[in-house]
Amino acid sequence: MIIILCLFLSSLAHAEVLPIITIGHSTLRAQAQELTHPEILSPENQKLIDDMVQTMRKRSGVGLAAPQVNKSLRMFVMRSFPGVPLTIVINPKIEYLEAYGKIDSREGCLSIPGKSMVVKRFNKIHVTYYDRKGNFKSEEFKGFKAIIAQHEYDHLNGVLIVDLVEQMKTLMNYTGLTDAPLM
Ligand code: ZN
């Protein structure tokens, strides 16, 4: 157990903080590419996962998608918080569970510095994905975890929160406040 913990800590100790690209960069508008099973397990992408986790933590984000570090891959990471472990999500498919309704969610985006916006999110979603070991997962996310996953999933499809704000409300919702969670 101690050895495993040391290996884990040393792998993150070597992780790099990657530059985050911002709105206007073409990678943020691209449809990201799925990874094959060997690509998921490749040393290059395993390091990318560690680097993304490190980058998310250092930038105080709750989530980070690969396109935000200029890698057009269908992959994102989500921070751990009480009751929810650190989650690595690869090749996700989301089913929006409309029966559980939508909520207003105030979000910041690491790729849109200094701004936060109120957008509509589904309360509950069903997600299938692969973890960093290439294991298939089928889970329901709800609450804050569901919100983060929807934000990050949009990044994989070239969608940013500015696209989701209703036009008439844009100026009202587009504030300079930065206390919203960063994703
Ligand atoms: Zn974002």
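R106 is partly exposed, with a relative accessible area of 31%; on this scale buried means under 20%, exposed means over 50%, and partly exposed is what lies in between, judged with a 1.4 Å probe and the protein chains only. R106 belongs to strand β4, where strands (E, at least two residues) and helices (H or I, at least four residues) are DSSP runs numbered from the N terminus. Follow the chain from R106 to A180 and you travel 74 residues, yet their C-alpha atoms are separated by 6.0 Å.

Before we go on, a word about what you are looking at. This is a predicted model, in which local features need pLDDT of at least 70 and side-chain atom pairs count only at pLDDT 80 or more, while totals for chains, interfaces and linings use all residues. Residues are numbered from 1 along each chain as its sequence is written, and side-chain values use heavy atoms, with hydrogens and water left out.

Now step back to the whole protein. It contains six helices and seven strands, and from the N terminus on they follow the order α-α-α-β-β-β-β-β-β-β-α-α-α. Of its 183 residues, 47% are buried. Contact means heavy atoms within 4.5 Å; among the contacts with a separation of 6 or more, 70% are between residues 24 or more positions apart. The accessible surface comes to about 9,600 Å², and carbon and sulfur atoms account for 59% of that surface; such areas come from the Shrake-Rupley method with a 1.4 Å probe, and for residues only the protein chains shown count as cover.

Let us look at the sheet next. Five strands form an open sheet in the order β1-β2-β3-β6-β7, with antiparallel pairing; two strands pair if DSSP finds at least two bridges between them. At the edges are β1 (63-65) and β7, each pairing on one side only. From one strand to the next, the twist averages 40°; axes are lines fitted to C-alpha atoms, for helices over the stretch in contact, and angles run from 0 to 180 degrees between N-to-C directions.

We can walk across this sheet strand by strand. Strand β1 is joined to β2 (residues 75-78) by three bridges, and A65 has F76 in β2 as its bridge partner. Four bridges then link β2 to β3, with V77 opposite I88 in β3. The next pairing, between β3 (residues 87-96) and β6, is antiparallel over five bridges. Here I90 stands opposite Y130, and K93 stands opposite T128. Seven of the ten residues of β3 are buried, so β3 is largely enclosed by the rest of the structure. The same can be said of β6 (residues 124-130), because five of its seven residues are buried.

The last step leads from β6 to β7 (residues 136-142), two antiparallel strands joined by seven bridges. One of the pairs is T128 with S138 in β7. The hairpin of β6 and β7 has five residues between the strands, and in it G134 takes a positive phi near 85°. What does H37 contact, leaving aside its neighbours within four places in sequence? H37 touches K133 and G134. H37 and G134 are 97 residues apart in sequence, but 6.2 Å apart in space, C-alpha to C-alpha. H37 itself lies in helix α2 (residues 37-41) and, at 42% relative accessibility, counts as partly exposed.

Helix α4 lies across β1, β2, β3, β6 and β7, running at about 95° to β3. This helix also brings us to the metal site.

Which residues hold the zinc ion as protein donors? They are C109 (SG), H151 (NE2), H155 (NE2) and M183 (O), lying 2.1 to 2.5 Å from the ion. Donors are N, O and S atoms within 2.8 Å of the metal (3.2 Å for Na, K and Ca), and since water is not among the atoms, sites may look incomplete. The angles among the four donor atoms are 95 to 132°, and the site is tetrahedral; four donors count as tetrahedral if all angles lie between 85 and 135 degrees. Along the sequence, the donor residues are spaced C-x41-H-x3-H-x27-M. C109 sits in strand β4 (residues 102-109) and H155 in helix α4 (residues 143-156), so this pair ties together parts that are 46 residues apart in sequence. C109 counts as buried, at 1% relative accessibility, and H155 counts as buried at 1% as well.

Notes:
Tetrahedral: all angles 85-135°; square planar, octahedral: opposite > 155°, others 65-115°.
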